[in-house]
Amino acid sequence: MSQSDYQKLIDGPTWAFIRETERWYPPDSVGLTIAGQREVYDRMCAAFRQPRPEGLGVEDHSMGGVPCRIYTPKGAQQTMMYFHGGGFVVGGLDSHDDVCAEMAAVTGFRVVSADYRLSPEHVHPAAFDDCIAATRATAADYGGALILAGDSAGGALAASVAHALRGELALNGMLLIYPGLGGDRTTGSYQTHAEAPMLTLADTEYYEKIRHGGPAPESDPTASALRDTDFSGLPPVVAFAAECDPLADDPFTYAAKVRAAGGQAEALLDEGLVHGWLRARHSVPRARAAFDRILGRLKALA
């Protein structure tokens, strides 16, 4: 898709968000070290970060040996695990703090955000192992059926955790926000949106190599849920795709496989939005509407 097509698809406020994001990245950011990338990403996230809503209990606590941040609204009954995005390389508890706080405040859910280990220091399956450990510990501590949620890389982790823990833990649902689930990169949105603003096909391949310390495994559902051969017995899925994103087809491919196996799954397209739009939910009307839709679907999962 050409840049002129993006000029039509993407509206003014969303372009302003894209430009503001890009402003944090130096012209030579491709050559940054991993530490440098994390520093730039953290500063960029801090610039967009919103104050936490009032009335939340927030504490940092180890769950299953994994550092976590727990957001507890008064009277919370439902617990949700949240796995942050960042290509398995950047991000942490602070980068998604305001997103988790807002989700907790609006839904009334307890939200447990997991600070899983990052690549390249800890290649796959380290992040997956951490998410499994934190999820099991959260279920043991709080009881009840969990919801698993995440954006981007975190959406991939949420889906893989659900596949691994079905039949072991009670799960009320999965909420996946522009997840990369291991779709076919030679076709569909991976090609149509190979040069999309905010995330390119080359970016996804770069992060994948770092995550695995080389080529990705061919048939490992702990790395990519779409590589599983069994999609039965999963909790209800709601997956959101950003239209202008190489990953846009993955939620639809995944939802179709879950439905074909007899499960409940819904994939929704956020038109004119780009990868990483969660940070734009207070500045871009389209992103606000998409976030409100996510919150509505979350409440329905409980």
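In this predicted model, helices α2 (12–23), α3 (34–48), α6 and α8 (201–212) each supply at least two residues of the lining of the largest pocket. Among the contributors to this lining, α8 gives the most, with 7 residues. The volume of the largest pocket comes to about 1200 Å³. In all, 47 residues line the largest pocket, and Met-198, Leu-199, Asp-203, Thr-204 and Tyr-207 are those that lie nearest its centre. By residue class, the lining of the largest pocket consists of 20 nonpolar, 18 polar and 9 charged residues. Empty space of this kind is revealed by rolling a probe the size of a water molecule over the atoms.

The next position considered is Ser-152, where the UniProt record, an unreviewed entry, places the feature "active site". Ser-152 belongs to the loop that runs between strand β5 (146–151) and helix α6 (153–165). The relative accessible area of Ser-152 is 12%, and this residue is therefore classed as buried, since the cut-off for buried is under 20%. When neighbours within four places in sequence are left aside, Ser-152 is in contact with Gly-85, Ile-177, Tyr-178, Pro-179, Gly-180 and His-275.

Strand β5, at one end of that loop, also contains Leu-148. With a relative accessible area of 0%, Leu-148 falls under the 20% limit and so counts as buried too. Residues up to four places away in sequence not being counted, Leu-148 touches Met-81, Thr-135, Ala-158, Val-161, Ala-162, Leu-171, Gly-173, Met-174 and Leu-175. One of these partners, Thr-135, is 13 residues from Leu-148 along the chain, and the C-alpha atoms of the two are separated by 8.6 Å. Three other partners of Leu-148, namely Ala-158, Val-161 and Ala-162, fall within the span of helix α6 (153–165). In an α-helix there are 3.6 residues a turn, so residues three or four places apart point the same way.

Burial was also examined for a whole helix. Helix α4 covers residues 97–107 and is mostly covered, with 9 of its 11 residues buried. The buried residues of α4 comprise Asp-97, Asp-98, Val-99, Cys-100, Ala-101, Glu-102, Met-103, Ala-104 and Thr-107. Charged side chains are represented in this set by Asp-97, Asp-98 and Glu-102. After α4 comes Gly-108, which has a positive phi, near 80 degrees.

Definitions and conventions:
Residues are numbered from 1 along each chain as its sequence is written. This is a predicted model: local features need pLDDT of at least 70, side-chain atom pairs count only at pLDDT 80 or more; totals for chains, interfaces and linings use all residues. Side-chain values use heavy atoms; hydrogens and water are left out. UniProt positions are given in the numbering used here, feature names are shortened, and annotations may be inferred rather than shown by experiment. Helices (H or I, at least four residues) and strands (E, at least two) are DSSP runs, numbered from the N terminus. Buried means under 20% relative accessible area, exposed over 50%, partly exposed in between (1.4 Å probe, protein chains only). Contact means heavy atoms within 4.5 Å. On a 1 Å grid over the protein atoms alone, a cavity is a set of points where a 1.4 Å probe fits but cannot get out, and a pocket is an open set with protein on both sides within 12 Å along at least five of seven lines; lining residues have an atom within 4 Å of a point. Grid points are joined across faces, edges and corners, and a volume is the space filled by probe spheres set on the points.
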